[in-house]
Amino acid sequence: MLSRHIDPDEIIKKCKEHPHRKHASVGGRRALHQSWVRDEDAAAVPKYTMPKVGIASKAAYQLLHDETALDGNPLLNLASFVHTWMPEEADRLIMENINKNLVDLDEYPAASVIHNRCISMLGDLWHAPKEGKVIGTATAGSSEAIMLGGLAMKKRWQEARKAAGKDHFHPNVIFGSNAQVALEKFARYFDVEARLVPVKEENGFVLNPHDAIQYCDENTIGIIVILGSTYTGHFEDVALMSALLDDLQARTGLDIPIHVDGASGAFVAPFAFPSLQWDFKVPRVVSINTSGHKFGLTYAGLGWVLWRDESFLHKDLVFELHYLGSTEYTFTLNFSKPAAPVIVQMFNFLNLGFEGYRKIAYKDLRNARMLSKALESTYFKVFSNIHRPATETGAITEGSGAGHSPSPIPKDGDNPEHYLAGLPVVAFRLSDTYKAENPNVKQAWIQTMLRTKGWIVPNYGAPKGAAEGTEILRVVVRETLSEDLMERLIIDILSIAESLMGPDHAFSGGEAAPKGITHPDHGHARPEKENFDGEEEKKEQVGFSSQC
């Protein structure tokens, strides 16, 4: 990289014609013009130390406004699960409540009531048992929610071990090596041994419950099952994991609970796959977390965690406070948190309702299936399974570039339950056929070339335990990715794949290499040459307008 051999700041300093700003001082120009000029106000502001004297608010705004223009377009950021758009009414609610701290229950009682109503709605959505007392809280995101779910399992395990007079200093937790880093953070931060179960490509790079059960022992505080892997979008099998743990308990007496990491899937499965057994209907599931800012459709900064009953939230995690004007109870890692994200989560619940969330889930999955089928029938191997009929079994097929036929469409092609369950995520790589015919092509080039068109599509390595060296491209299909944009994305991916084929591809530097990537449908807006240069007799002008 340039910065390893050259100091960019030093180069920039030497290239300035007036390094001491003798002729471009802030006051020099203002003596002639009293209007605000962005460069002069911002010129004296240090980058890495706090300025001794501030600048005008308009100048500070413009400086940051211009700099953040270098960020990618959130609409085209297909790498992130985080939602990037809300209706203008939600934006107004955020601005109206942006100065409220949710923890101040006595000062902001309405915000507290809305928070509790959200918990109640989520408990109902996830089938919390009516005979229990579901309890939960908003968090800063799924990471904090996972920490709380893990801590609750650890505390209950320790209490049981102490009561039995056994060692309680060596807890372990089990999850697949495909887990998001938040799960590993929990284990490391809170001194719990992380037992990572290797995943395999034939299982979709997700936890196999039969493999996980072999890691269980008397020190296992719980198993975290992921409803929506960030690698491929697959749902791990909660019901099978529970059944195997039931069998383990019958054989050994070990009673091991399940925490469901539903960061993305807990806001997809209830609407798209209502018959899937994954939530509190499964008795061994004691807690569930999710991200409101993913498929809950709020902006970044909101997570949720719920326990099926308050008995599963250990008393050591609950703190009683008296200094904010009333008696309050808190069991989150951070204390203060904004009320606005919770309020706009309720806005979504009221505005969309169950049917609105269902329609969005259907649309996202429909668009993801279209992308999966287009890729699989051309130059790619698709790891995600949401386009495969639910009755389909066997190995994942590959595209060959020779018109491979997509999977047959079920009778009701729009019902997600007729396909394998998963997130609206498309994970894929170049097919073996394509790589054999184009051995010098690097898959990372596709990521780079898509970025030149505005698309942000990550290319990353497979999780531990999978095939070494496997690279995966991934597209997260969010609400903002319309069918029209999806068609555009398909055209761009395929045109890039084709531009890299052959000896004179886009990165070869050869004379025959294309000078730029063109879109096949750009020609729709171009005039046909024969309509203007043909031999047919010219028609006389009609009307009064002048000819060009």
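This talk describes two cavities, one buried histidine and one sheet in the structure shown above.

Good morning, colleagues. Please keep in mind throughout that this is a predicted model.

I begin with the enclosed spaces. A search of the whole structure returns 2 cavities of 30 Å³ or more. The largest cavity holds about 60 Å³ of space. Its lining is made up of F267, V268, F271, F295, L297, Y357, I360, A361, D364 and P424. Which element supplies the largest share of the lining of this largest cavity? That element is helix α13, residues 340-376, which contributes 4 residues. In terms of class, the lining of the largest cavity has 9 nonpolar residues, no polar residues and 1 charged residue.

The second largest cavity contains about 40 Å³ of space. Around this second cavity one finds G149, A152, M153, R156, P257, V286, S287, W307 and F312. Two elements, α8 (142-163) and β6 (285-291), each provide at least two residues of that lining, and α8 gives the most, with 4 residues. By class, the lining of the second largest cavity divides into 6 nonpolar, 2 polar and 1 charged.

I turn next to a single residue, H115, which is located in helix α7, residues 109-125. Is H115 buried or exposed? The relative accessibility of H115 is 10%, and H115 therefore counts as buried, the cut-off for buried being under 20%. Setting aside residues up to four places away in sequence, H115 is in contact with L102, G136, T137, A138, W304 and V342.

My last topic is a sheet. In general, the strands of a sheet pair through backbone hydrogen bonds, either parallel or antiparallel. Here, 4 strands form an open sheet with antiparallel pairing, in the order β10-β11-β13-β12. Why do β10 (380-382) and β12 (459-461) each have one side without a neighbour in the sheet? Both stand at the edges with a single partner strand, so one side of each is left free of a neighbour. From one strand to the next, the twist averages 40°.

At one of these edges, β12 pairs with strand β13, residues 471-476, in the antiparallel sense over 3 bridges. Within this region, G461 has E471 of β13 as its bridge partner. Helix α13 packs on the sheet and touches β10, β11 (425-430) and β13. The direction of α13 makes about 10° with that of β11. We have thus met α13 twice, since α13 also gives 4 residues to the lining of the largest cavity.

Thank you for your attention.

Technical notes
Residues are numbered from 1 along each chain as its sequence is written. This is a predicted model: local features need pLDDT of at least 70, side-chain atom pairs count only at pLDDT 80 or more; totals for chains, interfaces and linings use all residues. Side-chain values use heavy atoms; hydrogens and water are left out. On a 1 Å grid over the protein atoms alone, a cavity is a set of points where a 1.4 Å probe fits but cannot get out, and a pocket is an open set with protein on both sides within 12 Å along at least five of seven lines; lining residues have an atom within 4 Å of a point. Grid points are joined across faces, edges and corners, and a volume is the space filled by probe spheres set on the points. Ala, Val, Leu, Ile, Met, Phe, Trp, Tyr, Cys and Pro count as nonpolar, Asp, Glu, Lys and Arg as charged, and the others, Gly among them, as polar. Buried means under 20% relative accessible area, exposed over 50%, partly exposed in between (1.4 Å probe, protein chains only). Contact means heavy atoms within 4.5 Å. Two strands pair if DSSP finds at least two bridges between them. Axes are lines fitted to C-alpha atoms, for helices over the stretch in contact, and angles run from 0 to 180 degrees between N-to-C directions.
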